[in-house]
Amino acid sequence: MNIRERIEEQEYIYLAAAASKSKTAVRQKEEEPCPFRTAFQRDRDRIIHSKAFRRLKHKTQVYFSPGDHYRMRMTHSLEVSQISRTIARGLRLNEDLIEAIALGHDVGHTPFGHAGEYALRDLIGHYNHNEQSLRVVEYLEKNGKGLNLTAAVKDGILNHTGEHKPFTLEGSIVRKGDRIAYLCHDYDDGIRAGMIKKTDLPARVAKCMGTHPSDMITVMVADMLEASANLTEIRLSPAIEEAMNELREFMFEKIYHSAELEPDRKKARYVIQKLYEYFVARPSALPDEYLQRRDRWGLETTVADYIAGLTDVYAIHLFEKLFIPANWQIR
């Protein structure tokens, strides 16, 4: 018995009956199993080593070009993983599957966060970052070969948001853990940015969950562990669910749709629009890797893939290079 087989056997002994087991994980293309990593551990490693994951460190969470202490997409993904793994451990579900989904759930995000996402949606008619995340791991990584992840990981990535729920309990945990993470951490960053104060919180939210981000996370995680203990559904109690929804409404009003951030959102949309128009008109300017995909995916989708993969910094650099006159030095 090798290391992987021993871990797979231990999963059946320790994990809950409803937990996903790595031994039964399936891939679209069959592979020789790793001797020391389970299928879900292997998926996690592939995501961490992907170019799309590395780029998340320079992609906006909420604030454009923030200082060192504000969240970016990579730190958000790590925080989702930490919160979701805590819940999974308490319910005896599969932490490796949780980690793979959480680390991969946002790899399809555009530069400039949701402002970039909405800009691409306006340009091509349909664009959702969760669908793009699946597209990245399935088709775009490894020079178009994809990462060949297991079905459970791909389902969790696709359905971490949107109308449909994941088919695994682990995927449902990430779906809830993502919301816990971004609400509490964006609230924390909002205080740091001076946009909100703890005293601004709705009374029910402050009463149910406190006013400190770590207290809020603790309350929601503890509540989810208790409410989901029977493992038929991953959920919050009605009282905490209502408080979370009220916190979400508060965050949309004060932060996500705030007038204070609208000038930056408009600038971000303008950058995305101009880059898209430029490369659609001049496809030969695309990197060779993307030119090779044009026949398979079409020009508009290929350009959208390229722009979605850019980091904030590189998108701005590219915009300046293409549209801003050079600062020539007088000799």
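How many of the 24 residues of α9 are buried? Select α9 and count 20; the helix is mostly covered. Buried means under 20% relative accessible area (1.4 Å probe, protein chains only).

Before going on, some ground rules. This is a predicted model, in which local features need pLDDT of at least 70, side-chain atom pairs count only at pLDDT 80 or more, and totals for chains, interfaces and linings use all residues. Numbering runs from 1 along each chain as its sequence is written, and side-chain values use heavy atoms, without hydrogens or water.

**Stay on α9.** Pick residues 169–192 and check the end C-alpha atoms: they are 34 Å apart. That agrees with the expected 34 Å, because the rule is 1.5 Å a residue, times one less than the number of residues. Next, click G194, just after α9. G194 has a positive phi of about 80°.

**Zoom out to the whole chain.** Colour by secondary structure: 17 helices, zero strands. Helices are DSSP runs of H or I of at least four residues, strands runs of E of at least two. The C-alpha trace spans about 75 × 55 × 40 Å along its principal axes. The radius of gyration, taken over C-alpha atoms, is 21 Å, which agrees with the value near 20 Å for a compact globule of 331 residues. That globule rule is 2.2 Å times the number of residues to the power 0.38.

**Turn on the surface.** The protein chain exposes about 16,500 Å², with carbon and sulfur atoms supplying 51%. Areas come from the Shrake-Rupley method with a 1.4 Å probe. Of the 331 residues, 52% are buried.

Definitions and conventions. Buried < 20%, exposed > 50% of the residue type's maximum accessible area, 1.4 Å probe, protein only.
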